[in-house]
Amino acid sequence: MASERRCPRSFAGCATAKIERVAAEDKPSFTLTQRLVLAVVPRIVWALFSIIGRTWRFEVIAEDGVTPVPCGVLSPPEIFCFWHQCVLPCTVYFRYSRAVILISQSFDGELITRILKLFDFDAVRGSSSRGAREGLLGLAHVIDTGRTAIFTADGPRGPIYQTKMGPIKLAQITGAPIGAFHLEPEHAWVMRSWDRFLVPKPFTRICVSWVRATRVPVDLAPGQFEMKREELNAAIERARKRALDYFRKPLA
């Protein structure tokens, strides 16, 4: 928390940038069917999970020395990472946090962005394959202005439970710690998708498992980035295992 945070000279213009406009120049175009989906589906999803989410019961656990962020409060200017399968319960848990999430520039990313905006999140568009620099610029600005930057660490296409390098690069740029956690529903529908996407059932309990933050020195040598990525990966997996243990579920 006390680490020095700074924005490099190459990001000098970020202080005046508007978050929602930080995106690559090659914005995707959508078909008529996709535009209709984008116009209708987000409000249906928002209405549905605004109701169902009120029935979920969040139960927080944390490793020794970790101070979790409670549901319904502003989150700190840090980097948060979790697996892509947790997006739905995270959306409800952090809906009042003013956090900003990195989302890909694909059609699926556009759909998720519109849903999250209805839950009072902002989004920075970019991914490891498209708009990577713009995404990091936007998230550096997010932290610089005192808000939380969120990565779905294995998104948008996986492989599952394997974090990308983006959070490490952002932590090295800003000096912000990377908080890792996992949200595991006791009862959920598991989608047949690459990420085994979790849809918590109504009235279920959800374990919010926090583990110790990963810290990245601003002078990290290029040859040490992979080591830090593996450290972060192990932290998120540790959070997932603790959540599964909480409900006595096997590690899958």
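Biologist: How far apart are the closest N and O atoms of the salt bridge between D122 and R147?
Modeller: This is a predicted model: local features need pLDDT of at least 70, side-chain atom pairs count only at pLDDT 80 or more, and totals for chains, interfaces and linings use all residues. Residues are numbered from 1 along each chain as its sequence is written, and side-chain values use heavy atoms, leaving out hydrogens and water. A salt bridge needs a side-chain nitrogen of Lys or Arg within 4 Å of a carboxyl oxygen of Asp or Glu. For D122 and R147, the closest N and O atoms are apart by 3.0 Å.

Biologist: How many residues apart in sequence are the parts that D122 and R147 tie together?
Modeller: Helices (H or I, at least four residues) and strands (E, at least two) are DSSP runs, numbered from the N terminus. D122 lies in strand β4 (residues 122–125), while R147 is in the loop between α4 (132–144) and β5 (149–152). So the pair ties together parts whose separation in sequence is 25 residues.

Biologist: Is R147 buried or exposed?
Modeller: Buried means under 20% relative accessible area, exposed means over 50%, and partly exposed lies in between (1.4 Å probe, protein chains only). D122 has 22%, so D122 is partly exposed. R147 has a relative accessible area of 11%, so R147 is buried.

Biologist: Which other residue forms a salt bridge with D122?
Modeller: The closest N and O atoms of this second pair are 3.9 Å apart. The partner is partly exposed at 38% relative accessibility. D122 forms this bridge with K117.

Biologist: Which helix holds both E226 and R229?
Modeller: Their side chains meet in a salt bridge of 3.0 Å, N to O. E226 is partly exposed at 34%, whereas R229 is buried at 13%. The two are three residues apart, which means about one helical turn, in helix α6 (residues 225–246).

Biologist: How many salt bridges does the structure hold?
Modeller: Some are linked: E59, E186 and R205 form a network of salt bridges. The structure's total is 13.

Biologist: What is the handedness of the β-α-β unit of β3, helix α3 and β4?
Modeller: Two strands pair if DSSP finds at least two bridges between them. Strand β3 (residues 100–103) and β4 run parallel and share four bridges, with I101 partnered by A123 in β4. A crossover is right-handed if, with the strands pointing away from the viewer, the path from the first strand over the helix to the second runs clockwise. With helix α3 (residues 107–118), this β-α-β unit is right-handed.

Biologist: Which helix gives the most to the lining of the largest pocket?
Modeller: On a 1 Å grid over the protein atoms alone, a pocket is an open set of points with protein on both sides within 12 Å along at least five of seven lines, a cavity is a set where a 1.4 Å probe fits but cannot get out, and lining residues have an atom within 4 Å of a point. The largest pocket has 42 lining residues, with H84, I103, I112, T152 and P156 nearest its centre. Elements supplying at least two residues each include α1 (32–52), β3 and α5 (166–174). The greatest contribution, six residues, comes from α3.

Biologist: What is the volume of the largest pocket?
Modeller: Grid points are joined across faces, edges and corners, and a volume is the space filled by probe spheres set on the points. For the largest pocket, that comes to about 940 Å³.

Biologist: How many charged residues are in the lining of the largest cavity?
Modeller: The largest cavity has a volume of about 70 Å³, and its lining includes F82, F94, I101 and I150. Ala, Val, Leu, Ile, Met, Phe, Trp, Tyr, Cys and Pro count as nonpolar, Asp, Glu, Lys and Arg as charged, and the others, Gly among them, as polar. The lining has eight nonpolar residues and one polar, and its charged count is zero: no charged residues.

Biologist: What is the relative accessible area of F94?
Modeller: F94 lies in the loop between α2 and β3. F94 and P70 are 24 residues apart in sequence, yet 8.6 Å apart in space, C-alpha to C-alpha. F94 is buried, with a relative accessible area of 2%.

Biologist: Which residue in β9 stands opposite F181?
Modeller: All eight residues of strand β6 (residues 178–185) are buried. F181 points the same way from β6 as G179, L183 and P185. β6 and strand β9 (residues 205–214) run antiparallel, joined by seven bridges. Opposite F181 in β9 stands W210.
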